[in-house]
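Me: I'm new to this one and would like a close look at a single part of it. Could you walk me through chain B, taking its pieces one after another?

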Amino acid sequence: MIAYLLNLATLATVFGILAASLNLLIGYAGIFSMAHAVFFGLGAYAGAQIAMLLVPDVLLACLAAAAVAGLLSLCLALPALRVRGEYFVVASLGLQMVAITVFSEAHAVTGGHGGLVGIPPATLFGLNIGDPGAFLLVCLAVLALVLLGIRVLMRGSFGRSLMAIRDSESAAKAFGKDVPRIKTLAVGLGCALAGVAGALFAFYMAFVNVESFTLEQSVLVMAMVIIGGTATLAGPLIGVLLLLLLPAGLSFLTFIPPTEIGAVQQFIYGLAMTLLMIFRPAGIAGLSTGRR
Amino acid sequence: MQGLLSVRGLEKHFGGLAAVQKVDLDLQEGVTTALVGPNGAGKTTLFNLITGNIVPDSGTVTVAGAAVTGRRPHEIARLGVARSFQDLRLFGRMTVRDNVLAAIEHGAWFWQPGGGAARRAREAAVESALERTGLSHLAKARAVDLSYAETKFLSVARILATGARIWLLDEPASGLDLNSRNRFVALVREAVAAGVTVCLIEHNLDIVTELADRIAFLDRGAKLAEGEPAAILRDPELIAIYFGERRP
Ligand SMILES: Nc1ncnc2c1ncn2[C@@H]1O[C@H](COP(=O)(O)OP(=O)(O)O)[C@@H](O)[C@H]1O
Ligand SMILES: [Mg+2]
């Protein structure tokens, strides 16, 4: 039971980082990326490679993962700057599909469909933090740092610039904001943080393959952010807890045959998102809608 | 004489429609100019061309003698050209205070240049803009929750705080009640007295008479006339166009 709870808590923490990083794009910058799992994956592969080839140091792996995911996020920034709204959603979908092909074919780096096996247990400054309790603490510390960083940035001028662009891009320009640069920076930061989540995920699973970085994963993370509440600190975390606990909870309902749990889950997610958009479009933790 | 802001031979076509045709316009320093003309005359498009929102087919725009044609909107804004939008374009989900603060933060990095002193100066500019527009008590309200008149004043507060030398106001007083309208007129007068060069698009000819030193009359993309308000508003042909009696 303890092992089960530790597992759930660690996954929730990793997904908490991932959802918080997507919230930066969706909630604050108004960039609806359907390719977030790609950057989660890039970070996971980068972290795993560092651990397997160099040293399994969490800090180093996270930094490398952030760098790789952050740099390659330019692939996402480019369409984000050129096209808006639904066109960007389609462009990011395309990126997600291209990335899955690359992940599946680039055997040398990603291990192809078989994935990367045998990622060594994590260390931190030479200390072994491989046991589940210690690793959970490290993940929680990273989550806390990420949330603190996002809070400070979003309460400052950078956050105001992002939200101004989200609410009216033309007005933001008319008031002197260099919109392409600010958006690129936001995409880079959001994707770098997704990379960090990916590196932690790789250590935790000790194995990564392309299955974890598919469109379904991108959709799941987006659902976490939207259901929990965009542009709030707590929203994505609430979304993570709900969507991770839901399958766990359902498995206790013995009257549902195990083979049907997936379908029931899909049904509940879908219904929840539809109802939320109707009754509480800003999400569970979001502000209630204004008069208009 | 070339104005503080000067437009020469500006043209813009949308497909087959000549939205702005060979327009010359000079905003002389300290002179308030009203752009008057029927709906669809090209007034808003002219603002969009000046501020870099739309790239002209031909013609030039200069600000204080420097050519800005083809420059990006944020670069033109930083030369001291502030504008409002006919549909306001407030930062809806942000607070009133953050709407104004965001309008004067230009750094694209994670922080603003200038350190604490610059930050305090920005905060003071925001407080003063909110006070002068009567929005101080609403500083923490979100823009979407404001009343109509309040949103109009917020769009002026954003401009006020920038300290821009040139204001381009697109129908800023439309739909205001009498009291708000008078406050608005006083606000613009204060700005002009403080040295701001104003160009406003306005349908209410009373407000035009109260504020404008000059009128430029636009119709179907072309500037038909320019001069003192009294002269323009006495021209029966222009008035006929303005009130919708089309020429053959
Ligand atoms: N982005 C655009 N694309 C196509 N046509 C436009 C665009 N903007 C304005 N127009 C057209 O140009 C003409 C002038 O519009 P506008 O400048 O908004 O007029 P005004 O502000 O004087 O009422 C109108 O016929 C309008 O429909
Ligand atoms: Mg107009």
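Reply: Here's a tour of chain B, going from its two domains to its ligand and then to its partner chain.

Before we start, keep in mind that this is a predicted model. Chain B is split into two domains: domain 1 takes in 1-80 + 165-248, and domain 2 covers 88-163. If you mark the C-alpha centre of domain 1 of chain B and that of domain 2 of chain B, the two points sit 25 Å apart.

So how do the two domains meet? On the domain 1 side of chain B, 16 residues are in contact with twelve residues of domain 2 of chain B. Between them, these two domains of chain B bury about 1200 Å², with 63% of that on carbon and sulfur atoms. Three residues of domain 1 lose the most area to domain 2 of chain B, namely B:Trp167, B:Arg183 and B:Leu187, and together they make up 39% of what that side buries.

You'll also find some charge pairing here. There is one salt bridge between domain 1 and domain 2 of chain B. As for a salt bridge you can look up by name, the side chains of B:Arg132 and B:Glu190 form one, at 3.4 Å from N to O. Polar contacts add to the picture, with six residue pairs counted between domain 1 and domain 2 of chain B. Which elements carry the domain 1 side? Strand E7 (166-170) and helix H6 (178-193) of chain B are the ones that give two or more residues to it. H6(B) has the largest share, with five residues. Sort that side of domain 1 of chain B by class and you get seven nonpolar, three polar and six charged residues.

Next, the ligand. Ligand 1 has these residues around it: B:Phe14, B:Leu17, B:Ala19, B:Asn39, B:Gly40, B:Ala41, B:Gly42, B:Lys43, B:Thr44 and B:Thr45. Backbone atoms are worth a look here. A polar backbone atom of B:Gly40 is 2.8 Å from an oxygen atom of ligand 1, and for B:Lys43 the distance from a polar backbone atom to a ligand 1 oxygen is 2.8 Å. With B:Ala41, a backbone N or O atom lies 3.2 Å from an oxygen atom of ligand 1.

Finally, let's turn to the partner, chain A. The contact involves 35 residues of chain B and 33 residues of chain A. Chain B and chain A bury about 2800 Å² between them, 57% of it on carbon and sulfur atoms. In chain B, the residues that lose the most area to chain A are B:Arg93, B:Ala108 and B:Phe110, which together account for 23% of what that side buries.

Two salt bridges are counted between chain B and chain A. For a named salt bridge, go to the side chains of B:Glu105 and A:Arg160, which meet at 2.7 Å, N to O. Nine residue pairs are in polar contact across the interface of chain B and chain A. On the chain B side, helix H2 (73-78), strand E6 (81-83), helix H3 (96-103) and helix H5 (148-162) each supply at least two residues. By class, the side of chain B that touches chain A has 17 nonpolar, eight polar and ten charged residues.

Technical notes
Residues are numbered from 1 along each chain as its sequence is written. Chains are lettered from A and ligands numbered from 1 in the order in which they are written. This is a predicted model: local features need pLDDT of at least 70, side-chain atom pairs count only at pLDDT 80 or more; totals for chains, interfaces and linings use all residues. Side-chain values use heavy atoms; hydrogens and water are left out. Domain bounds come from an automatic or database domain assignment. Contact means heavy atoms within 4.5 Å. Buried area is the accessible area (1.4 Å probe) that two parts lose on being put together, summed over both. A salt bridge is a side-chain nitrogen of Lys or Arg within 4 Å of a carboxyl oxygen of Asp or Glu. A polar contact is a pair of N or O atoms within 3.5 Å; within protein, one must be able to donate a hydrogen and the other to accept it, and residues adjacent in sequence count only if both atoms are side-chain atoms. Helices (H or I, at least four residues) and strands (E, at least two) are DSSP runs, numbered from the N terminus. Ala, Val, Leu, Ile, Met, Phe, Trp, Tyr, Cys and Pro count as nonpolar, Asp, Glu, Lys and Arg as charged, and the others, Gly among them, as polar. A residue is near a molecule or strand if one of its heavy atoms lies within 4 Å of it.
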